[in-house]
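Please find below my comments on the model, set out as numbered points. I have kept to what can be read from the coordinates.

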Amino acid sequence: ITRNFIPPFEELGVTVIYFNPVFDAASNHAYDTQDYYKIDSAFGTAKEFDQLVREAQKKGIKIVLDGVFNHVSSDSPYFDRYHHSKTVGACESVTSAYRSWFVFTPMANGPCVGPDGPNTMTYSSWWGFDSLPVLDKANPSVQALFYSGSNPVSSYWLKKGAGGWRLDVMGDTSFPAGFWSGFRQTVKATDPNAIIIGELW
């Protein structure tokens, strides 16, 4: 049975479908990304995403994805507060490859390891929600993940057929100067017609 991925939106003049986050996440709202290169199983499969894109393109409709690049899940392999990943996360070890991706501060009985041992540090999180540790977007490795690396998230999904990005909390002051211009440069180099929409309050 072939699933009908796209209702007859084109008859209503629809040219864009914007999705809330669809990447692998820890919650049903999916603003706590765990893997930027994987579709969350609650929403479908990589094969179904490919089919969705093909059907949308046939109808002249662009698929716009939600890019949540300010923070990740505390249960992601990058952070791994709850020790669910084989990867050594930033919260688990001061020598983690991802340690510099986050901002830690001393705290007695804190949730994370610090130079003084276990449970000696806490971390910056979005609006104080400890499930959403904030990324240090000035870190070159974080920038490489999103736009400056050899296979960044920004271009990966455009090559898979997405038509653009909606950028979550784009105006957050923790984004350094040049971050979004670098992101835009990569996006436009991949697809000059890609849509970029910033969430600005």
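**Notes on a predicted model**

1. Aspartate 66 counts as buried, because its relative accessibility is 1%. The model is a predicted one, and the remarks that follow should be read with that in mind. Aspartate 66 is placed in strand S4, and its side chain is engaged in polar contacts with two other side chains: one of 2.9 Å with the side chain of tyrosine 31, and one of 3.0 Å with the side chain of arginine 166.

2. The pairing of aspartate 66 with arginine 166 also qualifies as a salt bridge, with the closest N and O atoms 3.0 Å apart. Arginine 166 lies in strand S8 and aspartate 66 in strand S4, so this salt bridge ties together parts of the chain that are 100 residues apart in sequence. Arginine 166, at 12% relative accessibility, counts as buried, because the limit for that class is under 20% relative accessible area.

3. Which further residue forms a salt bridge with arginine 166? The partner is glutamate 199, and here the closest N and O atoms are 3.4 Å apart. This pair again links distant parts of the chain, since arginine 166 belongs to strand S8 whereas glutamate 199 sits in the segment after strand S9 (195–198), 33 residues apart. Both arginine 166 and glutamate 199 are buried. Through shared partners, salt bridges join Asp66, Arg166, Asp168 and Glu199 into one network.

4. Glutamate 199 appears once more in the lining of the second largest pocket, which is made up of Trp126, Trp127, Val169, Met170, Gly171, Asp172, Glu199 and Trp201. The volume of this pocket is about 150 Å³. By class, the lining residues divide into five nonpolar, one polar and two charged. A residue of the salt-bridge network, Glu199, is thus also listed among the residues that line this pocket.

5. Across the whole structure, a search finds seven salt bridges. One of the salt bridges is formed by lysine 160 and aspartate 50, with the closest N and O atoms 3.6 Å apart. The two residues come from distant parts of the chain, 110 residues apart: lysine 160 is in the loop between helix H3 (153–159) and strand S8 (164–167), while aspartate 50 is in helix H1 (residues 46–58). Lysine 160 is partly exposed, with a relative accessible area of 28%, and aspartate 50 also counts as partly exposed, at 23% relative accessibility.

6. Is arginine 99 buried or exposed, and what is the nearest side chain of opposite charge? Arginine 99 is buried and yet has no salt bridge, the nearest side chain of opposite charge being that of glutamate 92, 9.4 Å away. The residue is found in the loop between strand S4 (62–67) and strand S5 (104–106). A polar atom of the side chain of arginine 99 does, however, lie 2.6 Å from the backbone oxygen of alanine 90. Anyone examining the charged groups of this model may wish to look at arginine 99, given that this buried residue has no salt bridge.

7. Two residues other than glycine deserve a note for their backbone angles. Histidine 83 has a phi near 60 degrees, which is a positive value, and this residue is found in the loop between S4 and S5. Histidine 83 counts as exposed because its relative accessibility is 55%, the limit for that class being over 50%. For asparagine 119, phi is near 55 degrees, again a positive value, but the residue is placed in strand S7. Asparagine 119 is partly exposed, with a relative accessible area of 41%.

8. A last point concerns leucine 132, which lies in the loop between strand S7 (117–123) and helix H2 (140–148). Although placed in a loop, leucine 132 is buried, with a relative accessible area of 6%. Its C-alpha atom is separated by 9.8 Å from the C-alpha atom of serine 76, a residue that is 56 residues apart from leucine 132 along the chain.

Conventions: Residues numbered from 1 in each chain as written. Predicted model: local features only at pLDDT ≥ 70, side-chain atom pairs only at ≥ 80, totals over all residues. Heavy atoms only, no water. 1 Å grid on protein atoms, 1.4 Å probe; cavity = no way out; pocket = protein on both sides within 12 Å on 5 of 7 lines; lining within 4 Å. Points joined across faces, edges and corners; volume = space filled by probe spheres on them. Nonpolar A, V, L, I, M, F, W, Y, C, P; charged D, E, K, R; others polar. Helix = DSSP H or I, 4+ residues; strand = E, 2+ residues; numbered from the N terminus. Buried < 20%, exposed > 50% of the residue type's maximum accessible area, 1.4 Å probe, protein only. Lys, Arg positive; Asp, Glu negative; His and termini not counted. Salt bridge = Lys/Arg side-chain N within 4 Å of Asp/Glu carboxyl O. Polar contact = N/O pair within 3.5 Å; in protein donor to acceptor, adjacent residues only side chain to side chain.
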